[in-house]
Amino acid sequence: VVFDAERVTKGENGWSYQNIQYWSPNHNYYFGAIAPVDNDNIVVDTSTADEYGLGKVTFTNVDGTVDLIYASKKVTTGADVIYTDPGKVHLQFAHQLAKVKFTFTNAMTNENTKVVVKDLKMVVPGNGYVELATGKWWAATDATTTLDFGHVNAGEQIAVNDSKESDYERLT
């Protein structure tokens, strides 16, 4: 294991990390990344780490305002010792959650018809998991979270032939 819980940050001069490591010939390197870090609702379990050293990430969706993005990549070096910069490792990030926002349309034909939508809520799975090496993910069915989308049009009437969105968008 070359890197283990090494924090990579982006500054004015690009991406950096604390402990410089060098590429060895004839090796497979497996990179895994998650964001955000330092979030109590995201737990990386390395006790279940597979051959790649990448474990399972557990995510708790508390209120639909935090997404989990993740990526993994395998890089294989050649037989020669690398004396120069081997180049960037490109990671393709995926989202654990999807953004949801409701739109309601008053399609009634009578001008006297009033549509008001208030206290819009949605019950969703409360926990999810992703295996970094495979990208496989699933949602737990034993725990739920109720997401609050607020009102539509701030709780005011939606006029005939008009469409209005919910006050909030949430991640589910």
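Visitor: Which strand holds F149?

Guide: This is a predicted model: local features need pLDDT of at least 70, side-chain atom pairs count only at pLDDT 80 or more, and totals for chains, interfaces and linings use all residues. Residues are numbered from 1 along each chain as its sequence is written, and side-chain values use heavy atoms, leaving out hydrogens and water. Strands are DSSP runs of E, at least two residues long, numbered from the N terminus. F149 falls within residues 144–150, which is strand β13.

Visitor: Is F149 buried or exposed?

Guide: Buried means under 20% relative accessible area, exposed means over 50%, and partly exposed lies in between (1.4 Å probe, protein chains only). The relative accessible area of F149 is 0%, so F149 is buried.

Visitor: Which residues does F149 contact, neighbours within four places in sequence aside?

Guide: Contact means heavy atoms within 4.5 Å. On that criterion, the partners of F149 are V100, F102, L120, M122, S166, D167, Y168, E169 and R170.

Visitor: How far is F149 from N41 in space, C-alpha to C-alpha?

Guide: In sequence, F149 and N41 are 108 residues apart. In space, their C-alpha to C-alpha separation is 21 Å.

Visitor: Which strands stand at the edges of the open sheet β3-β6-β7?

Guide: Strands pair if DSSP finds at least two bridges between them. The pairing in this three-strand sheet is antiparallel. Each edge strand has a single partner, so one side is left without a neighbour in the sheet. The edges are β3 (28–35) and β7 (94–95).

Visitor: What is the bridge partner of A35 in β6?

Guide: β3 and β6 (residues 69–76) run antiparallel, joined by eight bridges. For A35, the partner in β6 is I69.

Visitor: Which residue of β12 is the bridge partner of V130?

Guide: An open sheet of four strands has the order β4-β5-β11-β12, paired antiparallel. Its edge strands are β4 (42–45) and β12 (137–139). Three bridges join β11 (residues 127–131) to β12. In β12, V130 is partnered by W137.

Visitor: Does V8 count as buried, exposed or partly exposed, and why?

Guide: V8 lies in the segment before β1 (9–11). Its relative accessibility is 47%, so V8 counts as partly exposed.

Visitor: What accessible area do V8, W15, Y17, I20 and Y22 have together?

Guide: Patch residues have over 30% relative accessible area and no salt bridge (a side-chain nitrogen of Lys or Arg within 4 Å of a carboxyl oxygen of Asp or Glu). Nonpolar side chains (Val, Leu, Ile, Met, Phe, Trp, Tyr) are joined within 5 Å, like charges within 9 Å. Areas come from the Shrake-Rupley method with a 1.4 Å probe; for residues, only the protein chains shown count as cover. These five form a nonpolar surface patch with a joint accessible area of about 630 Å².
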